[in-house]
Amino acid sequence: MHPTYFRIELDNVCDIKTSFNYTGAQALAYNDIIDVKFVSNKGDKNVDRIKKSTNLSNQHEISERNNSNKEVVNEGTDNRENTFLLHLSNFELNKLQTQVKDFVYIIQTDQKYHNALADITNQSLIALIIEPVESCRNNKTSVIAIATATNVYIFDILYLDKVYPDFGRILEAKYPRKVVHNSHKIVDHLQHRQNVNLSGIFDTFVAYCLVSDDKTHRSLEETIQDTLNMPLTYFETEETRTNPFTPYKRPLMNAWLSLIAKKALLQLKLAEYILHKRMLKNFYHHCEQISNTYVDK
């Protein structure tokens with residue numbers, strides 16, 4: 001397995017849908033893999049041996065994953081190659097893929113729009129992505145993506161014309177907390193482009209700097225890679241590689257909308273991981289100790 005780009009090479013591969021057996025080794029990138037299963041024929045001792053070794057490997061990986069939680073976030077490039085483990089479970093990854101596929105694209109103030117605002121209002125923590133935002137106020141707003149625990153909403157501001165007051169009030173409220181990356185760019189953009197004063201900010205870049213003691217600039221994708229060990233190739237597909245993002249051209253490619261949804265969801269995961277696994281780690285440890293005070297006597 002490649003430590004940075006998360007490519008895996010498999011022998012004796014069979015496509016279950018077509019029943020086609022590949023004769024040579026197959027190298028797959030992470031974003032090409034949906035699922036890998038060991039399928040045995042009755043009496044196939046080789047596969048049984050593979051299963052046993054796989055179970056042992058899985059147990060070893062679980063042990064390594066538990067131990068990896070004791071390590072600091074910023075391990076550095078050299079160490080990262082030796083400790084490459086995803087900090088998201090298979091369940092979380094599958095759920096993320098489903099949410100990406102089912103994102104809600106909003107182009108007018110219809111029932112879908114109002115249902116989205118109702119859902120967002122009831123959250124305690126949401127992720128906020130604006131595209132494009134690199135040039136702050138100098139970029140016209142194209143889309144705003146909001147990720148909740150269960151849904152992703154992509155508001156097409158070019159179609160909607162602007163951020164309307166009901167949406168703006170949510171962004172200006174202290175709650176839900178808004179997870180953003182490089183908040184100074186987001187705040188500047190919203191204030192000058194949409195007359196919205198963003199409040200209730202959780203900046204993942206600031207959080208990363210605090211827990212890693214590394215204040216060098218990192219993009220959202222790089223921070224996710226360093227913290228969750230998600231490969232950078234997870235943020236691109238063949239379509240996005242061959243078709244550059246054109247934020248003001250309509251209709252927007254579905255591949256780019258899916259990528260924006262993916263970034264919003266992982267930004268939310270990033271905040272949860274840093275907050276609960278790093279910032280509050282000692283707090284949870286003390287809670288665990290206190291909770292067992294009577295039990296241990």
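Helices here are DSSP runs of H or I with at least four residues, numbered from the N terminus. By that rule, Leu190 lies in helix α7. The model is a predicted one.

The chain holds 12 helices and 10 strands. Of its 297 residues, 40% are buried. Contacts between residues at least 6 apart in sequence were also examined; 64% of them join residues at least 24 apart. The exposed surface of the chain comes to about 17500 Å². Carbon and sulfur atoms supply 51% of that area.

Pockets were examined next. Rolling a probe the size of a water molecule over the atoms shows where empty space is left. The second largest pocket contains about 310 Å³ of space. It is lined by 17 residues, and those closest to its centre are Glu131, Val133, Glu134, Leu220 and Lys263. Four elements give two or more residues each to this lining: β6 (125–131), α7 (183–193), α9 (220–228) and α11 (254–279). Strand β6 provides the largest share, with 4 residues. Sorted by class, the lining comprises 7 nonpolar, 5 polar and 5 charged residues.

Lys263, one of the residues closest to the pocket centre, belongs to helix α11. Its relative accessibility is 13%, so Lys263 counts as buried, the limit being under 20%. Two polar contacts involve its side chain. One, of 2.8 Å, joins Lys263 to the side chain of Glu131. The other, of 3.5 Å, joins Lys263 to the side chain of Glu221. Beyond its neighbours within four places in sequence, Lys263 is in contact with Ile129, Glu131, Leu220, Glu221 and Phe235. Among these partners, Glu131 and Leu220 are also listed with the residues closest to the pocket centre.

Attention now returns to helix α7. Leu190 has a relative accessible area of 0% and is therefore buried. Neighbours within four places in sequence aside, its contacts are Leu128, Ile130, Ile144, Asn195, Val196 and Leu198. Leu190 and Cys136 stand 54 residues apart along the chain, yet their C-alpha atoms are separated by 8.5 Å.

Cys136 itself sits in the loop between β6 and β7 (143–147). With 18% relative accessibility, Cys136 counts as buried because the limit is under 20%. Its phi is near 55°, a positive value in a residue other than glycine. Asn195, a contact of Leu190, also has phi near 55°. Asn195 is found in the loop between α7 and β10 (201–203). Its relative accessible area is 64%, so Asn195 is exposed, the threshold being over 50%.

A further residue, Asp15, lies in strand β2 (residues 14–15). Asp15 counts as partly exposed because its relative accessibility is 27%, which falls between the two limits. Apart from neighbours within four places in sequence, Asp15 is in contact with Phe20 and Tyr22.

Cis peptide bonds complete the description. The bond from Tyr175 to Pro176 is cis, with omega near 0°. Pro176 is placed in the loop between α6 (165–172) and β9 (177–180). The bond from Arg250 to Pro251 is likewise cis, again with omega near 0°. Pro251 occupies the loop between α10 (238–242) and α11, and α11 is the helix that holds Lys263.

Note on methods
Residues are numbered from 1 along each chain as its sequence is written. This is a predicted model: local features need pLDDT of at least 70, side-chain atom pairs count only at pLDDT 80 or more; totals for chains, interfaces and linings use all residues. Side-chain values use heavy atoms; hydrogens and water are left out. Buried means under 20% relative accessible area, exposed over 50%, partly exposed in between (1.4 Å probe, protein chains only). Contact means heavy atoms within 4.5 Å. Accessible areas come from the Shrake-Rupley method with a 1.4 Å probe; for residues, only the protein chains shown count as cover. On a 1 Å grid over the protein atoms alone, a cavity is a set of points where a 1.4 Å probe fits but cannot get out, and a pocket is an open set with protein on both sides within 12 Å along at least five of seven lines; lining residues have an atom within 4 Å of a point. Grid points are joined across faces, edges and corners, and a volume is the space filled by probe spheres set on the points. Ala, Val, Leu, Ile, Met, Phe, Trp, Tyr, Cys and Pro count as nonpolar, Asp, Glu, Lys and Arg as charged, and the others, Gly among them, as polar. A polar contact is a pair of N or O atoms within 3.5 Å; within protein, one must be able to donate a hydrogen and the other to accept it, and residues adjacent in sequence count only if both atoms are side-chain atoms.
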